[in-house]
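The following exercises concern domains, pockets, cavities and salt bridges. Please examine the sequence and the structure, and attempt each task before reading its solution.

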Amino acid sequence: MLTLNFLRENKDFVIKRLRVKNFDATGILDTILSLDASRRELQTRSDSLQAEMNRVSKEIGALLKNGNRQEAETAKEKTYSLKEEIKSISVRLEAIEDELRNEIIKLPNLPHESVAEGRGADDNVKYREGGKIFELPDNALPHLDLIKKYDIIDFDLGVKLTGAGFPVYKGKGAKLERALINFFLDEGIKAGYTEVLPPIVVNEDSGFGTGQLPDKEGQMYHVTLDNFYLIPTAEVPVTNIYRDVILSGENLPIKNIAYTPCFRREAGSWGAHVRGLNRLHQFDKVEIVQIAHPDHSYESLEEMVNHVEGLVLKLGLPYRIMRLCGGDMSFTSALTYDFEVWSAAQKKWLEVSSVSNFESFQANRLKCRFKDKGDKQTRLVHTLNGSALALPRIVAALLENNQTDSGIIIPEVLVPYTGFDKIS
RNA sequence: GGAGAAAUGGCAGAGUGGUCGAAUGCGGCGGUCUUGAAAACCGUUGUCCUGCUAUCGCGGGACCGGGGGUUCGAAUCCCUCUUUCUCCGCCA
């Protein structure tokens, strides 16, 4: 959510920047600015009426103390109309504030000045790449077949227990999953992240704080009886740790890492291209989150990109890093890097991480602020997060890329975690 | 799940209808003293909205867990929700 102050002072700039995201903000901004003007007018009127009310009330108190009952009664008469007027203004004010908020949350975050224009994924810009794309022999199998061949993940059993998209990991498949989680966590901790293990269901306030609510409730599983939501990513609980807090500048950046299962309803998009591990309703992910000083958040972003790159490199997967164009970026993001790994049997790039700087967009919703030493004013922090990493597609790529006639070779860095070096 | 008690500033903790944004202590910040530090002493110390001001700032309003009510006036009384604690029950 952009701040009202900023919108008030930068209308044309906002319109111009949002064009990069193919978003026309003109109408919304006009509405916002006119609502804001009425809001301030009502606020001023209400404040002065309240001041008058307070003054008279004090007077009544003093009169009663001195035993002037008669005068006190006269003064009371005066308050009745004041009271009514204040009430009617506050009702209107509340309505306008609601309306204003509803308009403001329609505006996406401004893309960073370096973000390229573009309509969709085809316009993303390659930022870096590594590893070699290689050809597999003709008899190479896609991961779904490998999974069946070695009996390490059972989709049908998941259907029995829950439904499509809830796989059951078995034997070495389960161990591999757990190994990856621990490997990712340990690498993050080594890089200075503090681990948290948060709840995986959250309340409405948390959903709002990170921007899933009110718009995207369809993407989340909703526990209606308690009005909780299953998290689509650890970003939600972890970032919301810092909701409604004022941090001190010297403690920034705060770096957290968390493993959680993630749940996505992902209505639509079924079919052959999402078979196997490519898209699931429940999957495992290790997430890194930073709460950064606005003057240094892009250094944090760079650091996070480097961290994720290190993970992919250690796993030996061919990868490329894309800078998303305006049209492909999320509503909340100012700058996003997507990581894609090469899945050799499917012959396609799989997105395994998305690392973003949200600048103060989330922070404004979260009311997460900080104060630099000596400063009187609070400022909004910048929030960033990235997957490090999302597991299923990593597993898919590892299985496909590392298949041999005698089995699937486990990357060396994982062997201490799996306890085996081959799935056969 | 049943019964009771409570929720106040960064923390501890006073405050049961007016002069309370809120005593006091601790902590934090600034200063005096000191070669330096500690101690002691003095001062200062929240958030949000809004008006004026180029800025420092000054004025007004709101905020004592959330929401609602009573009253001229609410931290204080009433209702409701949430959370915490104690006892009982159940339990990984």
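**Exercise 1. Determine how many residues of domain 1 are in contact with how many residues of domain 2.**

Solution. Step 1: apply the contact criterion, which is heavy atoms within 4.5 Å. By this criterion, 4 residues of domain 1 touch 8 residues of domain 2.

Step 2: locate the domains. In chain A, domain 1 covers 4-104 and domain 2 covers 121-423; such bounds come from an automatic or database domain assignment. Over C-alpha atoms, the centres of the two domains are 44 Å apart.

Step 3: consider the buried area, that is, the accessible area (1.4 Å probe) that two parts lose on being put together, summed over both. Domain 1 and domain 2 bury about 370 Å² between them, and 52% of it is on carbon and sulfur atoms. On the side of domain 1, Val20, Lys21 and Arg101 lose the most area to domain 2, together 82% of what that side buries.

A note on the model: it is predicted, with local features requiring pLDDT of at least 70 and side-chain atom pairs pLDDT 80 or more, whereas totals for chains, interfaces and linings use all residues. Residues are numbered from 1 along each chain as its sequence is written, chains are lettered from A and ligands numbered from 1 in the order in which they are written, and side-chain values use heavy atoms, with hydrogens and water left out.

**Exercise 2. State how many salt bridges the whole structure holds, and how many are counted between domain 1 and domain 2.**

Solution. Step 1: a salt bridge is a side-chain nitrogen of Lys or Arg within 4 Å of a carboxyl oxygen of Asp or Glu. Side chains of opposite charge can pair when their charged atoms come close.

Step 2: the search of the whole structure yields 18 salt bridges, while the count between domain 1 and domain 2 is 0.

Step 3: take one example. Arg8 and Asp36 form a salt bridge through their side chains, at 2.7 Å from N to O. Because Arg8 belongs to helix α1 and Asp36 to helix α3 (residues 26-65), the pair ties together parts that are 28 residues apart in sequence. Helices (H or I, at least four residues) and strands (E, at least two) are DSSP runs, numbered from the N terminus.

**Exercise 3. Explain why the second largest pocket lies between the two domains.**

Solution. Step 1: on a 1 Å grid over the protein atoms alone, a pocket is an open set of points with protein on both sides within 12 Å along at least five of seven lines; a cavity is a set where a 1.4 Å probe fits but cannot get out, and lining residues have an atom within 4 Å of a point.

Step 2: the second largest pocket has a volume of about 780 Å³, a volume being the space filled by probe spheres set on the points, which are joined across faces, edges and corners. Its lining has 28 residues, of which Met1, Leu2, Thr3, Phe6 and Asn364 are the closest to its centre.

Step 3: α1 (4-9), α2 (11-19), α4 (69-104) and α11 (361-366) each supply at least two lining residues. Both domain 1 and domain 2 contribute to the lining, so the second largest pocket lies between them.

**Exercise 4. Name the residues that line the second largest cavity.**

Solution. Step 1: the whole structure has 2 cavities of 30 Å³ or more, and the second largest has a volume of about 30 Å³.

Step 2: its lining consists of Leu176, Leu398, Leu399, Asn402, Ile408, Ile409, Ile410, Pro411 and Leu414. At least two of these residues come from each of α12 and β18 (407-409).
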